[in-house]
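Morning, everyone. I have one structure to show today, and I'll keep it brief. Here it is.

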Amino acid sequence: MTTPPLPLWLAKNPRANRSLAFGLGQQFVINPNGIPELLAELGECPAHKVTPLFALPALARRLGVCEVRVKDESQRFGFSAFKALGGVLAVYDVLSRAVDDATHASTTFAALLKREHREVTRDHVFTTASSGNHGRSVAAGAKLFGNRCVIFLPKFTSADKEAAIRARGAQVIRVDGDYDTAVAECRRQAEANGWTIISDTSWEGYDSIPRSVMRGYTVLVEEIIQQWRPGPTHVFVQAGVGGLAAAAFGYLWARCEPRPTFIVVEPRSADCWFQSNLAGKPALASGNADTAMGGLACREISPVTWPIIGLAADWFMTIEEDQVLPARRQFARPMNGDPAVTSGPSGCAGLAGLARVCADEAAYKALGLGKEARVLLINSEGDLGEPLAGA
Ligand SMILES: Cc1ncc(COP(=O)(O)O)c(C=O)c1O
């Protein structure tokens with residue numbers, strides 16, 4: 001019997017090498033040390049709660065796998081997105097380093113919340129470009145510690161997301177263009193005004209803060225490890241610039257033996273990781289990133305993440321716009337007693353990817369899915385003003 005050919009929307013990573021150890025090149029990007037301690041420290045912050053990891057057994061049966069579990073970030077920090085972890089913790093890192101430098105003594109999350117060391121921290125102004133979620137998180141971080149914040153938004157970001165950022169006390173500047181245009185304008189104004197950019201994406205000469213942001217994301221992965229033994233065999237993560245995928249893959253690579261199979265999921269019009277995999281180096285998306293999945297609407301990868309995603313993602317795949325709504329509905333109106341999960345268009349992209357693979361025999365086999373497979377998904381956002389159409 002001949003095996004059907006692999007679909008064009010799926011590509012293997014020719015560099016992925018399962019015997020490659022998590023080394024210094026990876027640890028530079030995602031440092032797994034101290035994350036359980038960081039999680040414990042956050043436990044003292046009243047706004048922080050571990051998010052649930054839901055099992056979806058009926059969905060797993062329908063898709064032909066042993067288990068599907070979804071880490072539900074729609075409730076993270078009361079912000080409705082995993083991004084909360086990155087922005088808040090990166091702002092904290094900058095302020096605590098400033099205190100260390102000025103006083104030669106270390107401080108804590110709780111001390112900065114109580115406005116200790118105000119003379120050192122008060123003049124820091126934070127800024128970022130964002131498609132919405134990351135900006136909200138940086139605004140919330142700045143608000144939490146009492147600092148001024150300016151957020152640059154692309155044209156397509158919803159009015160609700162803008163309102164949510166303003167509600168956290170930040171000034172909002174809209175640019176007449178896409179996410180990458182917002183990044184360029186943010187960099188220009190930050191340099192002119194001496195503001196600190198808290199970006200979730202890196203570029204030449206700027207990677208320390210994006211690494212802090214990803215360190216924040218690893219908290220959710222540590223939670224998963226504590227919530228699920230023996231853990232997943234397959235991990236589908238939706239990517240924009242790749243920060244979430246790098247945190248998930250890097251931390252699981254460092255902590256799990258053997259490491260799971262990693263799959264990157266992107267919208268077809270914003271396939272910068274898919275194209276980078278084909279090129280063997282960072283490359284631009286093939287489309288214009290015009291997608292309903294606003295958090296994934298990126299044309300360029302975050303280059304600092306290459307030593308993790310470029311070397312450890314096993315597969316790269318794209319999804320179509322019309323696969324988003326069915327995935328959101330699947331989460332929201334589950335079958336046979338599975339718990340309901342509220343997601344946004346970017347939040348459910350991992351599930352859309354899994355469903356696409358499971359509907360294609362060649363893809364399903366190539367990824368090694370089957371009755372033994374335990375699949376991890378991350379619902380990276382809840383409903384942020386993009387209501388679920390139809391009854
Ligand atoms: C809801 C959501 N999911 C996933 C992502 C992708 O994260 P990254 O850009 O780190 O790949 C984003 C990024 O903004 C997002 O907002």
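I'll take the sheet, then the helix across it, then the ligand.

One caveat up front: this is a predicted model.

Start with the sheet. It is open and has four strands. The order is 6-5-4-7, and the pairing is parallel. Why do strand 6 and strand 7 each have one side without a neighbour in the sheet? Both stand at the edges, each with a single partner strand, so one side is left free of a neighbour. For your selections, strand 6 is 171-174 and strand 7 is 196-197.

Now strands 4 and 5. Strand 4 covers residues 125-129, and strand 5 covers residues 148-153. Five bridges join these two parallel strands. If you want a landmark, take Thr-128: opposite it, in strand 5, stands Ile-151.

Next, the helix. Helix 9, residues 179-193, lies across strands 4, 5, 6 and 7. Its angle to strand 4 is about 155 degrees.

On to the ligand. Which residues come nearest? There are 14 residues around the ligand, and the nearest are Asn-133, Gly-240, Gly-242, Gly-243 and Ser-380.

Three polar contacts to note. Gly-242 puts a backbone N or O atom 2.8 Å from a ligand oxygen. Leu-244 has a polar backbone atom 3.0 Å from an oxygen of the ligand. Ser-380 uses its side chain: a polar atom there sits 2.7 Å from a ligand nitrogen.

And how much of the ligand's accessible area does the protein cover? On its own the ligand has 390 Å² of accessible area, and the protein covers 98% of that.

That's the tour. Over to you.

Note on methods. Residues numbered from 1 in each chain as written. Predicted model: local features only at pLDDT ≥ 70, side-chain atom pairs only at ≥ 80, totals over all residues. Heavy atoms only, no water. Pairing = 2+ DSSP bridges. Contact = heavy atoms within 4.5 Å. Axes fitted to C-alpha atoms, helices over the stretch in contact; angles between N-to-C directions. Near = heavy atom within 4 Å. Polar contact = N/O pair within 3.5 Å; in protein donor to acceptor, adjacent residues only side chain to side chain. Areas by Shrake-Rupley, 256 points an atom, 1.4 Å probe, with all protein chains shown as cover.
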